[in-house]
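This report describes where a ligand sits in a protein model, which open and closed spaces the model contains, and which features of its backbone deserve attention. Please keep the sequence and the structure in view while reading.

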Amino acid sequence: MTSIFEILGLGPVMPVVTLDDADDAIPLARALIAGGVRTIEVTLRTEAAFDAISRIRNEFVNIQVGAGTVTAPEQVTVLSRMRAHFAVSPGCLPSLIDASQRHQMPFLPGVMTPSEALGLRELGFRCVKFFPAVPAGGVGMVKAMSAVYPELIFCPTGGITQDTAPDWLALDAVRCVGGSWVAPRKLIAAKDFDAIERRAQAASSLR
Ligand code: 3PG
């Protein structure tokens, strides 16, 4: 099992992808890997998501594939059965923590406030997602939170772009950023995997 800390260290950007068609999963993952990406978060916002995660998991050994937008413990059970590498939530619930511990599923919970970060720190979490990063206060908010919780590692996600990612990655507390700009839904639907590979290359070169 690869820990969330290790997964967040696999590259400067974790692409967040939403797949409408599970048939796009393999060419998408292939393009991301060719672009140097080693971790991918597939959001559970479409019916194709579980199938897509399972296909990527079974096809490739050199990428960590997890689920995003995890909001219910039952989803963690399904992810565990398909041997997904990790689960990410926009927020956090005790039932999600229980399920991830029960299934030994690396779990990245989301925080937006100092109290949420404090609560997770008290439970032993070292890594959290800062979501939605830009609307919730931007780089200044992570700077302020890491000043009081220096041991916390943040993965900011939400509103970050190729151009703004370096501002976040400049912070010691930010191990990587998440974002959909690397493989946006439109490019996946257009099956423009060459463009996605170029974006992946640019994103992988950020740090
Ligand atoms: C997520 O799913 O974690 C975020 O919504 C991705 O945000 P972005 O589309 O602004 O990159």
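## The ligand and its surroundings

In this predicted model, a polar side-chain atom of Arg45 is found 2.3 Å from an oxygen atom of the ligand. Two further side chains bring an N or O atom towards an oxygen atom of the ligand: that of Lys129, at 2.7 Å, and that of Ser180, at 2.6 Å. On its own the ligand has 310 Å² of accessible area, and the protein covers 79% of this.

Arg45, Lys129 and Ser180 belong to a shell of residues around the ligand, which also includes Val16, Phe131, Thr157, Gly158, Gly159 and Gly179. By class, this shell consists of five polar, two nonpolar and two charged residues.

Which pocket holds the ligand? The ligand sits in the second largest pocket.

## The pockets and the cavity

The second largest pocket has a volume of about 230 Å³. Its lining is made up of 18 residues, and those nearest its centre are Val16, Arg45, Thr157, Gly179 and Ser180. Strand 1 (13–17) and strand 9 (177–179) are the elements that contribute two or more residues to this lining. Val16, Arg45, Thr157, Gly179 and Ser180 are also named in the shell around the ligand.

The largest pocket encloses about 300 Å³ of space. It is lined by 15 residues, and Ile4, Pro106, Phe107, Gly124 and Phe125 are the closest to its centre. Helix 1 (4–8) and helix 5 each provide at least two residues of the lining of this pocket.

The model also has one cavity of 30 Å³ or more. The largest cavity holds about 40 Å³ of space. Its lining is formed by Leu10, Gly11, Pro12, Val13, Gly36, Val37, Arg38, Thr39 and Ser204.

The table sets out the classes of the lining residues for each space.

| Space | Nonpolar | Polar | Charged |
|---|---|---|---|
| Largest pocket | nine residues | five residues | one residue |
| Second largest pocket | seven residues | eight residues | three residues |
| Largest cavity | four residues | four residues | one residue |

## Two features of the backbone

Most peptide bonds are trans, and most residues other than glycine have a negative phi. Two places in the model can be read against this background.

What kind of peptide bond joins Phe131 and Pro132? The bond is cis, with omega at about -10°. Pro132 lies in the loop between strand 7 (127–130) and helix 7 (138–148). Phe131, the partner of Pro132 in this bond, is one of the residues that surround the ligand.

The second place is Gln104, a residue other than glycine whose phi is positive, near 50°. Where is Gln104 placed? Gln104 is in the loop between helix 5 (94–102) and strand 5 (107–108). Helix 5, which comes before this loop, is also one of the elements that supply at least two residues to the lining of the largest pocket.

## Summary

The ligand occupies the second largest pocket, where the protein covers 79% of the accessible area that the ligand has on its own. Arg45 has a polar side-chain atom 2.3 Å from an oxygen atom of the ligand, and Arg45 is also among the residues nearest the centre of that pocket.

Methods:
Residues numbered from 1 in each chain as written. Predicted model: local features only at pLDDT ≥ 70, side-chain atom pairs only at ≥ 80, totals over all residues. Heavy atoms only, no water. Near = heavy atom within 4 Å. Polar contact = N/O pair within 3.5 Å; in protein donor to acceptor, adjacent residues only side chain to side chain. Areas by Shrake-Rupley, 256 points an atom, 1.4 Å probe, with all protein chains shown as cover. 1 Å grid on protein atoms, 1.4 Å probe; cavity = no way out; pocket = protein on both sides within 12 Å on 5 of 7 lines; lining within 4 Å. Sits in = over half its atoms within 2 Å of the grid points. Nonpolar A, V, L, I, M, F, W, Y, C, P; charged D, E, K, R; others polar. Points joined across faces, edges and corners; volume = space filled by probe spheres on them. Helix = DSSP H or I, 4+ residues; strand = E, 2+ residues; numbered from the N terminus.
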